Amino acid sequence: MKRKNLSFYFRIYCKILAQDLKSKMSYRADFIISTIGMICTNISGFISFWIMFRNFPSIDGWNYYEILFLYGFSLISLTPVQCFFDNNWSLRQNVYTGDFIKYCFRPINLFFYYQSEVFDVKGLGQLAFGIGTLVYAWIKLGLGFSVLMLLKLIIFLLTASLIMIALQNAAAATCFWIQNSFYVLDLAYRFRDYAKYPVTIFSKAFRFIFTFVMPIAFIAYYPSLVILRPDQIPILSWLSPVIGVLFFWISYKIWMYGATRYSGTGS
Amino acid sequence: MAAIIEIQNVTKEFKTLNRHEGLKGSLKDLFSRDYKIVRAVDNVSMSIEQGEIVGYLGPNGAGKSTTIKMMTGVLEPTSGEILVGGNAPYKNRSKNAQEIGVVFGQRTQLWWALPLIESFRLLKDIYQIPDKDYNEMLELYKSLVDIEPLLHKPVRQMSLGQRTLSDILAAFLHNPKIVFLDEPTIGLDVSMKAKIRTLIHELNRQKNTTVILTTHDMGDVDALCRRIVIIDKGKMLYDNDIEHLKGFFGSYRTLKIRVDGDMNAEAEVIKTEVPDFKVSSDDEWISILVDEDKSKVLDVLGLLQKSHKIRDMQLEEISTEDVIKKIYEEGVQ
């Protein structure tokens, strides 16, 4: 048997993805309706955002376009978790009914196999929306452009994505221990809304929680500072890539540990 | 030949909370540390050779699924040792998975939205099956069952029978050394059952695949298994050939007769004439359970013919189902 390296998994993923897209297209109405839904969600989110800023021209020293930048940044960084890890939402159901056992019989990584099963196309609409917002804010802020800045942006976007994925993995994995874990997952999902705002607007206690307990401040705030406020970057911003990788690794371990504890229901 | 599965003194225990009744009891449970240990599998040992089809039987909750989960690497035994193809399944789940195929009753492991052929192609990549072996296997499948209409049908549109068939084919696809089939014929119609039995039998014969089959359908056992293992309450009750099992309770046959006159009264008379055997009666038949080690059925019939006017008769062999039922109810002496 050949060793299963990264390129093996990449190839498998692409094949599963291609098949998945093919089958999704066959449910045409479903595809169109969910795309429209996604667009509406984003537009309504944007409108409430805009109304708020008509009344308060700046929040804690952050002007409209800077907040818009943060908003776009968080939308883009939420795309991978939406696209590639959406099956986490079904984990609870799979564990509860005992269907999860089928993932244990394949000679490939359990976490990979489970997540590869679902690719959520809706995330792509969000990505387009996020990029549009970010570019618009970037131009209005007159940030200029250099290859180094683009590189920084990409690295910090990846970081932010990893943290979001880690949060969701850990929240979803709670279902291996507790029955009604939906609330945990839902809580993690709701908390990410706060990622769109500068963490300095929250009280000290929440600032601490969002930085060290549920690190959502790393989803957009700390990374954005690198681009937006290059003269006053806190050490936490530079640390965010490390924290992103670390959190992802921890959440993966928790998930896998939960899965091995799983014993399945009788049949 | 070396054993492909070696199980030695395996025990599996689960810790469960002692639950109390009622709302008050539930509140108590929240803080209770009152656990009890349930032994799902109790000191089981067996050794299975390459190419065998073993029927793994037992009533519901006997510990069958738990044993299978240990052999497939999903559960770790509390004590004892399991070796599947020389590997400890739990310690090396991924490697073990390469050597086995699993079908779990009504839960499909195929990709729900994909046509069967696409599922096969994905499995080919996941198990890294060489082109040649893959094509040979598909040719073999085509010669055994009519899979053409299934290949391009999404799994979600299949009937239960078609899906089970597809799942079995998928489990054999990478030519594993062992295939575990957990109630493969549950809920299927008679002709589908027959088709699936033939398929399993042929794949076992042609590929020399070891098959571990759990079922409640004795038709499966009669059609496929030469050896059966029976387990109840976690303990092993029986492990031997199926022929041996039938002789286990002596060689019984049931003689049914219909006589002139009042059946119940006649039955009472017969009871005194053949005191060694169990006699029962309903409105249609008088049944006599004859132990052929004591006297032959024909002798009993001859005896009864002298004093009764026999209008009709039937002879019933004891079935595997009867024997298994007897074991479940009474255990093995």
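Contact here means heavy atoms within 4.5 Å. With that in hand, take a look at Phe100(A) in this predicted model: leaving aside residues up to four places away in sequence, Phe100(A) touches Leu91(A), Asn94(A), Val95(A), Leu110(A), Tyr114(A), Phe176(A), Trp255(A), Ala259(A) and Tyr262(A). From there we can move on to the cores, one enclosed helix, the rings and the meeting of the two chains.

**Nonpolar cores**
- Phe100(A) belongs to the largest nonpolar core, which has 159 residues.
- Phe100(A) is also on the list of residues with the most contacts inside that core, along with Trp255(A), Ile5(B), Phe120(B), Tyr141(B) and Ile228(B).
- Apart from this one lies another core, made up of 16 residues, including Met263(B), Ile286(B), Val300(B) and Leu304(B).
- As background, nonpolar side chains tend to be buried together in soluble globular proteins.

**Helix H4 of chain B**
- Helix H4 of chain B covers residues 116-126, and ten of its eleven residues are buried, so the helix is largely enclosed by the rest of the structure.
- Charged residues are in on this too: Glu118(B), Lys124(B) and Asp125(B) are among the buried residues of H4(B), and so is Phe120(B).
- What do those buried residues pack against? In chain A, the partners are helix H1 (6-26) and helix H5 (110-116); in chain B, they are helix H5 (131-144), helix H6 (148-151) and helix H7 (160-172).
- After H4(B) comes Gln128(B), with a positive phi near 50°.

**Rings and charges**
- Counting over all chains, you'll find 31 aromatic pairs.
- One of them joins Tyr221(A) and Tyr222(A) edge-to-face, with 5.0 Å from centre to centre and 65° between the planes. Both of these tyrosines are buried.
- Ring pairs also build a cluster whose members include Phe100(A), Tyr114(A), Phe176(A) and Trp255(A), as well as Trp111(B) from the other chain.
- Lys124(B), one of the buried residues of H4(B), has its charged end over the ring of Tyr134(B), 5.7 Å from the ring centre.
- Arg258(B) does something along those lines with Trp285(B): its charged end sits over the ring, 4.5 Å from the centre.

**Where the chains meet**
- On the chain A side, 34 residues are in contact with 29 residues of chain B.
- The two chains bury about 3000 Å² between them, and 54% of that is on carbon and sulfur atoms.
- There are two salt bridges between chain A and chain B.
- Asp125(B), another buried residue of H4(B), forms a salt bridge with Lys15(A), where the closest N and O atoms are 2.9 Å apart.

Definitions and conventions. Residues numbered from 1 in each chain as written. Chains lettered and ligands numbered in written order. Predicted model: local features only at pLDDT ≥ 70, side-chain atom pairs only at ≥ 80, totals over all residues. Heavy atoms only, no water. Core = buried A, V, L, I, M, F, W, Y, C linked by side-chain atoms within 4.5 Å. Buried < 20%, exposed > 50% of the residue type's maximum accessible area, 1.4 Å probe, protein only. Helix = DSSP H or I, 4+ residues; strand = E, 2+ residues; numbered from the N terminus. Phe/Tyr/Trp six-rings, centres within 6.5 Å; stacked < 30°, edge-to-face > 60°. Lys NZ or Arg CZ within 6 Å of the ring centre and 35° of its normal. Buried area = accessible area lost by both parts, 1.4 Å probe. Salt bridge = Lys/Arg side-chain N within 4 Å of Asp/Glu carboxyl O.
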